[in-house]
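Please open the model in your viewer and keep the selection panel at hand. The stops below say what to select next and what is there.

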Number of protein chains: 2
Amino acid sequence: MSSKELHGIPINSNGLEVLIGEHLTNDLWNEKETNQIRGYYESLSNRILHEKFLRDLIDILLDKAVFEGTSRKEKVVEWVEPKKLPFLIDLTLPMNGVSHEELLSLARNIIKYSVKTGHPHFVNQLFSSVDPYGLVGQWLTDALNPSVYTYEVSPVFSLMENEVLKEMREIIGWENGRGDGIFCPGGSLANGYAINLARHYKFPEFKEIGLSQTPRLVIFTSEDAHYSMKKLAAFLGIGASNVCCVKVDERGKMCIQDLELQIEEALRQKAVPLMISATAGTTVLGAFDPLEDISAICTKYNIWFHVDAAWGGGVLMSRKYRFLLNGIELADSITWNPHKLLAAPQQCSTLLIQHEGLLESAHASKASYLFQPDKFYDTSYDSGDKHIQCGRRADVLKFWFMWKAKGTNGFEKHVDRVFELSRYFTDYIRQRKGWKLILEPECTNVCFWYTPPLKRHLKDEELSNLLHKIAPIIKERMVRKGSMLITYQSLHNLPNFFRLVLQNSGLTEADMRFFVNEIESLSSDL
Amino acid sequence: MSSKELHGIPINSNGLEVLIGEHLTNDLWNEKETNQIRGYYESLSNRILHEKFLRDLIDILLDKAVFEGTSRKEKVVEWVEPKKLPFLIDLTLPMNGVSHEELLSLARNIIKYSVKTGHPHFVNQLFSSVDPYGLVGQWLTDALNPSVYTYEVSPVFSLMENEVLKEMREIIGWENGRGDGIFCPGGSLANGYAINLARHYKFPEFKEIGLSQTPRLVIFTSEDAHYSMKKLAAFLGIGASNVCCVKVDERGKMCIQDLELQIEEALRQKAVPLMISATAGTTVLGAFDPLEDISAICTKYNIWFHVDAAWGGGVLMSRKYRFLLNGIELADSITWNPHKLLAAPQQCSTLLIQHEGLLESAHASKASYLFQPDKFYDTSYDSGDKHIQCGRRADVLKFWFMWKAKGTNGFEKHVDRVFELSRYFTDYIRQRKGWKLILEPECTNVCFWYTPPLKRHLKDEELSNLLHKIAPIIKERMVRKGSMLITYQSLHNLPNFFRLVLQNSGLTEADMRFFVNEIESLSSDL
């Protein structure tokens with residue numbers, strides 16, 4: 001057996017153990033098997049080979065991805081054009097396997113050309129950083145390779161999910177953690193679940209008969225809400241145009257008057273107002289909708305109250321800032337992604353609901369080949385039928401492990417620190433020449449324009465046009481340099497502006513000044 | 001700063017590097033920051049602490065989860081009742097973090113009480129084994145913590161997805177890998193995507209207007225198809241009862257005559273036949289529906305042709321067995337989960353489609369804060385708007401890494417080997433006393449009854465009742481002993497039977513005999 005052929009054999013092909021295993025020593029071996037014995041001796045050395053390979057690769061992971069990847073001395077990204085990258089990493093899939101040496105070299109290049117989302121200067125998205133406890137939680141999950149649908153197959157993960165979801169509900173303010181919840185593959189799908197639950201709560205028969213020949217259902221959310229509401233409304237057969245976009249005020253918060261006007265208009269059109277989805281921490285501005293006022297409207301019109309707190313949910317951990325989410329405890333359902341503000345690894349999203357039994361009622365299909373009715377243990381621990389997924393990764397352990405390591409108090413410090421940093425940044429740019437805040441931040445999003453020295457004489461439309469045009473240029477320059485990653489976007493009638501967004505409590509005030517200096521330096525000639 | 005407080009600090013909080021970093025050495029430090037310098041020195045030792053912790057935990061992972069967890073000398077499961085498990089692992093979430101020592105001890109217990117899905121004697125589900133290349137692919141993904149929506153943030157993963165999906169389409173038989181595809185969080189959602197694509201292809205306006213006041217849409221799939229078809233049809237607003245369950249023949253294959261009858265009936269009722277979902281490898285029996293015949297029906301009635309090959313798709317890698325999927329190249333869409341038959345780690349699911357541009361058309365919402373229209377690079381590499389997820393884990397690297405390590409030929413050997421083992425098992429029990437095959441296996445599912453010696457005189461209904469009753473008892477005994485895990489279920493009017501299912505090419509003929517001996521031994525007194 002050549003060294004290359006060995007690569008195809010999984011770890012547990014250490015057949016030698018079978019040969020010496022107690023239960024089989026009495027068996028007689030036929031000719032074919034006798035031949036295999038030779039192979040098994042080879043697979044013993046195969047195990048040694050595998051272990052060496054695993055350990056070599058782990059060294060690369062730790063050195064290059066985890067430590068260098070998060071070092072301020074290193075670049076955030078080694079930019080390569082899409083068309084050139086295949087010449088630097090051979091992505092093609094071979095007929096025959098490559099050597100361990102080649103695999104290690106490929107791993108090094110994958111790390112080299114990947115964006116370091118754990119780097120302190122990656123402030124581009126609503127996630128960042130590498131938490132060591134979250135990371136080993138992921139690694140442990142991978143090594144155990146579970147699928148969380150039955151207690152039989154995932155005992156520890158099943159109970160751990162219950163524990164974490166219950167604690168999150170307690171933090172929301174639901175007495176004794178009452179209610180229910182699930183882990184979802186992302187906040188978009190969590191919002192989709194919420195729509196389906198709202199629909200099932202009001203019209204349980206639709207699960208069987210579908211929506212044809214039914215009244216038009218309408219969802220209300222703010223014009224600054226996440227795009228998933230329209231995407232999932234379309235996917236669920238409700239239709240993207242039946243998501244009414246309610247106006248926001250100058251702080252990016254849902255306007256209650258416009259909300260009520262739109263509900264009245266829907267009722268006049270004989271549509272059924274199904275759900276109001278408030279946002280706690282909008283994607284761009286980080287605004288918190290007025291949850292108590294929205295809840296009152298929901299009660300008045302008998303509408304399901306959902307809060308998309310995918311981004312802002314983590315603020316509930318902070319006694320200082322959780323007032324921003326006052327009223328969240330009045331929600332029927334809540335999306336909360338610990339992989340965002342609480343810096344758990346991708347992906348860790350939850351949907352939490354007040355109504356017990358509704359998840360099963362809305363989603364269960366009772367497949368008897370997975371959820372056998374005659375199992376010997378208490379099958380109330382089998383959570384699979386609450387989900388629309390069948391096989392499902394365990395996203396709980398990484399977050400649970402972080403929670404054990406830091407404690408609730410650790411999360412509070414983390415949240416308070418990223419808020420503190422965002423306020424430091426805000427104050428730092430407030431009076432600085434050429435900088436202009438879009439609005440006072442509520443969450444850790446800080447939105448701003450920067451006008452380079454050569455263009456500070458411009459005004460009104462000329463200035464707007466300039467700002468809109470230079471944002472992508474500055475972004476291109478920072479990407480090519482690899483010094484930092486921050487995103488820009490336009491919103492409403494505002495020209496392109498930058499959005500700093502913080503979830504990494506390992507950043508410092510010096511990093512905040514670095515961002516400012518770097519943007520100034522990258523645009524000094526513009 | 002106490003040792004406990006250090007735990008809350010992410011890896012990249014190594015502020016010392018900032019202090020000595022070139023770009024900031026000219027800054028003056030204010031009082032607050034001077035105080036922080038002391039903290040930074042402490043966080044240098046924090047990094048050392050973190051690295052030691054990471055390496056200690058990796059040692060536990062490798063020794064306990066990876067190697068012991070896949071050793072035949074060890075148990076598949078250390079069974080504990082749901083109510084007792086919390087006394088063996090403290091799952092509660094503390095206010096203050098626990099020590100590294102406690103975390104390591106928790107990790108050991110999580111491994112101890114988790115089911116070893118990589119163990120050779122775990123044949124309970126449509127996934128198993130721990131592939132070393134898949135595992136390090138996962139670990140590498142975790143360390144880089146990407147979200148695959150834009151090339152900007154995930155350059156390597158974006159191109160890698162394209163490469164793998166294209167190669168899979170070539171293997172299906174679509175010339176030059178034409179078409180499109182996405183990675184999905186599981187086969188259920190891949191099937192849901194297929195329903196939405198079929199709907200959008202025929203009725204593009206439904207994305208905006210929804211399904212109210214539209215004709216009833218109907219989906220056809222076999223009564224042995226995966227339960228996700230009904231679940232997702234309900235979720236998508238089509239309604240579970242609008243999934244027509246077509247009869248299967250004695251081999252578990254969709255009956256074409258009944259399919260056509262049901263289509264005609266739907267047409268008589270003025271419903272719109274939207275999609276036929278054939279199954280390539282049913283969950284229980286492992287049957288392959290007659291794809292060519294079903295394709296002809298789709299053509300005749302102008303119906304979308306979907307193939308759920310979540311389980312059987314891997315067979316395409318084998319020149320010897322791929323005839324089982326003849327006609328799959330005629331499909332509009334295909335679900336294929338490499339985490340099943342090809343033994344990639346959880347979760348690796350794909351949807352592959354013939355129609356270019358349809359994924360964007362069906363799902364895009366063009367959120368300008370993520371998919372900026374004025375980016376400086378070719379944004380055709382930004383795949384995010386093809387999905388209903390926003391943030392999305394990279395499920396590609398583990399599979400790509402396996403493919404590089406083994407080559408296409410390695411996957412073929414793997415598939416041929418698990419088929420060979422299933423045939424060995426089949427032949428082994430065929431003539432053995434007390435054993436009865438449900439049917440000749442097509443895939444690696446082998447379904448059988450075993451009647452213990454004391455009950456072999458029973459016949460007909462008495463025998464049926466006995467078999468139905470003893471399956472859960474035998475299962476309970478094997479779980480409590482921890483010797484193996486195999487599933488049982490009833491189907492149609494058949495009493496409970498066992499299903500052996502193989503995806504682990506590291507198993508041996510001796511393992512097959514072990515399964516037989518173990519089931520006989522566990523039921524000898526029944």
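Select domain 1 of chain A and domain 2 of chain A together: 44 residues of domain 1 are in contact with 43 residues of domain 2, contact meaning heavy atoms within 4.5 Å. This is a predicted model, in which local features need pLDDT of at least 70 and side-chain atom pairs count only at pLDDT 80 or more, whereas totals for chains, interfaces and linings use all residues. Residues are numbered from 1 along each chain as its sequence is written, chains are lettered from A in the order in which they are written, and side-chain values use heavy atoms, with hydrogens and water left out.

To colour the two parts, use 49-77, 115-145 and 396-525 for domain 1 of chain A, and 147-393 for domain 2 of chain A; such bounds come from an automatic or database domain assignment. The C-alpha centres of domain 1 and domain 2 of chain A lie 28 Å apart.

Next, show A:Arg319 and A:Glu412 as sticks, since they form a salt bridge whose closest N and O atoms are 2.4 Å apart (a side-chain nitrogen of Lys or Arg within 4 Å of a carboxyl oxygen of Asp or Glu). Then select α14(A), which gives 16 residues, the most, to the side of domain 1 of chain A that touches domain 2 of chain A.

Finally, move to chain B and select α6(B), residues 132-144, where 13 of its 13 residues are buried, that is, under 20% relative accessible area (1.4 Å probe, protein chains only). Just after α6(B), B:Asn145 takes a positive phi of about 45°. Select α8(B) last: 14 of its 16 residues are buried, so α8(B) is largely enclosed by the rest of the structure.

Notes:
Buried means under 20% relative accessible area, exposed over 50%, partly exposed in between (1.4 Å probe, protein chains only). Helices (H or I, at least four residues) and strands (E, at least two) are DSSP runs, numbered from the N terminus. The expected span of a helix is 1.5 Å times one less than its number of residues.
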